[in-house]
Amino acid sequence: MSVEVKNITKKFGDFTALDQVNLKVESGELVALLGPSGSGKTTLLRVIAGLEFPDSGAAQVLFYGEDVTAIPASQRKAGFAFQHYALFRHLNVFENIAFGLRVRPKATRPGEEQIRARVGELLKLNQLEPLAKRFPSQLSGGQRQRVALARALAVEPKVLLLDEPFGAVDAKVRKELRRWLRKLHEEIHITTLFVTHDQEEALEVADRVAILRDGRIEQIGTPEEIYDNPASPFVYDFLGNVNLFSGRVREGTVIIGETEFAVEETAGETDTDAVAFVRPHDIRITREANGQKTFPARILRCNGAGPLANLELERLDNGGLFAAQLSKEEFQQLQPKAGEQVFVELKNVKIFSEDFSI
Amino acid sequence: MTDDAKINAPHRIGEPPLVRRLLIAIALAFIALFLIVPLLSVFTEALRQGLGFYFQTLRDPMTVSAIELTLIAAGISVPLNCLFGVAAAWAIAKFDFPGKNILLTLIDLPFSISPVISGMIYVLIFGAQGWFGPWLVDHNLRIIFAVPGIVLATIFVTFPFVARELIPLMQAQGRTEEEAARVLGASGWQMFWRVTLPNIKWGLLYGVILCNARAMGEFGAVSVVSGHIQGRTNTIPLHVQILYENNNIPGAFAVASLLTFLALVTLLLKTWVEYKHTGLRGTAFTPVPLKKRQTEIPA
């Protein structure tokens, strides 16, 4: 039981928005579609909702096993929240939420009483009760987003699709909305897909994250899986800051400068040029050289403000720049100064076989 | 006013007072000379021979027939152009299709050619010597020098008003509200009546008012196709001309005062609709700009 898309390809003129995409979302799951702009994530969401139709061929959209590929948006029973909410500006909050119930065919349309009850319920669930009589132009961004969600939920959709649900609000409201969406999802447990370009958002809110790039799903997995085991340099880079060290791979190690570091997995390359990926917080800095495991570098800048200290460093052997993050504690112990020479140790080094440059 | 406010009060910028007053005076004098004086003259000339003559002219069967014909022509052309206008604006604003720009240009065509030529077109097509002339004569159908010709010419001339008003409005509003309605289960009709129409109603009304004013006041195009048959194919503007040419100056002005009155009513309605557009709530007509929406934070 799930929402599933198969072999979805969608072109706009010469631009391929989606290229043979397959995705399966389990019932009750909250999945994030994460990717840079132009990666096809919104198009995929619109295809699922029936607002775009995939280019012919073997494309299929399945809602709980039922093929809805040819069914128009109005009959798919998908709830969709638009990026800029698309609230009906001439209707108040109550009527916006009631819209989906009022447009039902006579046979299935609930009575006025039932509509009031249902909308009242949703107003309460979304903490919108005092705003029922307001018009969209009188609401803040966060409130609009909640109305948009309540409106989508009113029709009891089989799947909830959210396009950049937190895109158009400021950072603080964004955090609140995130928590609220997570809570809402735990309460009503509806199969949900949401689109975002913010990796932090995806990792924090979703059960699983699908990373899109150029119309393809690059990797899909739980937040931990994709963060700890990125399948490609693109995913690695997209999920956080990263340092690149050019070096050579040899038998389970990578040689950077004149130092050997252990590598978790290699594709069996021996003695080839490679680029090693290391996150800034996986870099340790010491004053003493630690045998074979460190290489020398010079500190260019230190910034100790905030919970983590950010350092900018330069390799002594080839002048390559990289960044390091220290905890407050480490920073206070070490007391690094700009211009100082230190020794650098790398943890969790990852290399990718394909050629890649950021 | 507190001291702080005084200090913070912005200094006046721009031209010195003398220049400003001079400019205002020139503008007012111009308006008085070219708008107010002619307007007053219409009514003074119309009433020169007294109220009795004024109403006698308006009750004259020829005048009544001209008023009727004008109402018929406007009554047919305005609803039709309303329909065409909404359809054209919908197509242009909500869909991408080849030839969209050509359609946009074509909609403006009636504005850019002389009304006389608009009339000529129909004479050339439907007139006795025109393309369909012989066929129409065989079937005993009259278009030129008859009511259908007048209606056609009026439709042509007033075609752009509604569409031009709606296209930018619908383009600015985008498609997402309609898409939202669709996803919520609305049929095409429900979407139109419950979402699209409420969003464009003030723009539509504005276009209809302008369209109606032009339909009733059109002279050139109608003049060519009408044939000026008193009591049969005479509209108000044509009737004014006939009275004037027959040296019935007060009569001409009396009938002209009707059109002037229509113009004033139109102006009032237009102002009222404009006020409603941007009025207090203004939800239908003044969407909060996207930029503002994004940065709108309750303090």
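In which sense do S6(A) and strand S7 of chain A pair, and over how many bridges? They pair in the parallel sense, over four bridges. Two strands count as paired if DSSP finds at least two bridges between them. Helices (H or I, at least four residues) and strands (E, at least two) are DSSP runs, numbered from the N terminus.

Before starting, note that this is a predicted model, in which local features need pLDDT of at least 70 and side-chain atom pairs count only at pLDDT 80 or more, while totals for chains, interfaces and linings use all residues. Residues are numbered from 1 along each chain as its sequence is written, chains are lettered from A and ligands numbered from 1 in the order in which they are written, and side-chain values use heavy atoms, with hydrogens and water left out.

**Stop 1: chain A as a whole**

Select chain A. Its C-alpha trace spans about 80 × 50 × 35 Å along the principal axes, and it holds nine helices and 20 strands. Of its 358 residues, 54% count as buried. Buried means under 20% relative accessible area, exposed means over 50%, and partly exposed lies in between (1.4 Å probe, protein chains only).

**Stop 2: the six-stranded sheet**

Select S6(A), residues 78-81. A:Ala78 and A:Phe80 point one way from this strand, A:Gly79 and A:Ala81 point the other way, and all are buried. In a regular strand the side chains alternate between the two faces of the sheet.

Now add S7(A), residues 159-163. There, A:Leu160 is the bridge partner of A:Gly79.

Widen the selection to the open sheet of six strands, whose order is S6-S7-S8-S3-S9-S10 in chain A, with mixed pairing. S6 and S10 (216-221) of chain A stand at the edges with a single partner strand each, so one side of each has no neighbour in the sheet. On average, neighbouring strands of this sheet are turned by 20° against each other, direction ignored; the axes behind such angles are lines fitted to C-alpha atoms, for helices over the stretch in contact, and angles run from 0 to 180 degrees between N-to-C directions.

At the S10 edge, select S9(A), residues 208-213, which runs antiparallel to S10(A) and is joined to it by five bridges. A:Val209 has A:Gly221 as its bridge partner in S10(A).

**Stop 3: two loops of chain A**

Most residues other than glycine have a negative phi, and most peptide bonds are trans. Select A:Ala86, in the loop between S6 and helix H2 (93-102) of chain A. A:Ala86 has a positive phi of about 50° although it is not a glycine, and it is buried, at 6% relative accessibility.

Then select A:Glu156, in the loop between helix H4 (141-154) and S7 of chain A. A:Glu156 also has a positive phi of about 50°. Is A:Glu156 buried or exposed? At 51% relative accessibility, it counts as exposed.

**Stop 4: chain B**

Select B:Lys94 in helix H4 (residues 61-94) of chain B. B:Lys94 is buried, with a relative accessible area of 6%. Its side chain makes a polar contact (3.0 Å) with the side chain of B:Glu178. A polar contact is a pair of N or O atoms within 3.5 Å; within protein, one must be able to donate a hydrogen and the other to accept it, and residues adjacent in sequence count only if both atoms are side-chain atoms.

Finish at helix H13 of chain B, residues 236-245, where seven of the 10 residues are buried. Among them are B:Ile236, B:His239 and B:Leu243. Just after H13(B), B:Asn247 takes a positive phi of about 65°.
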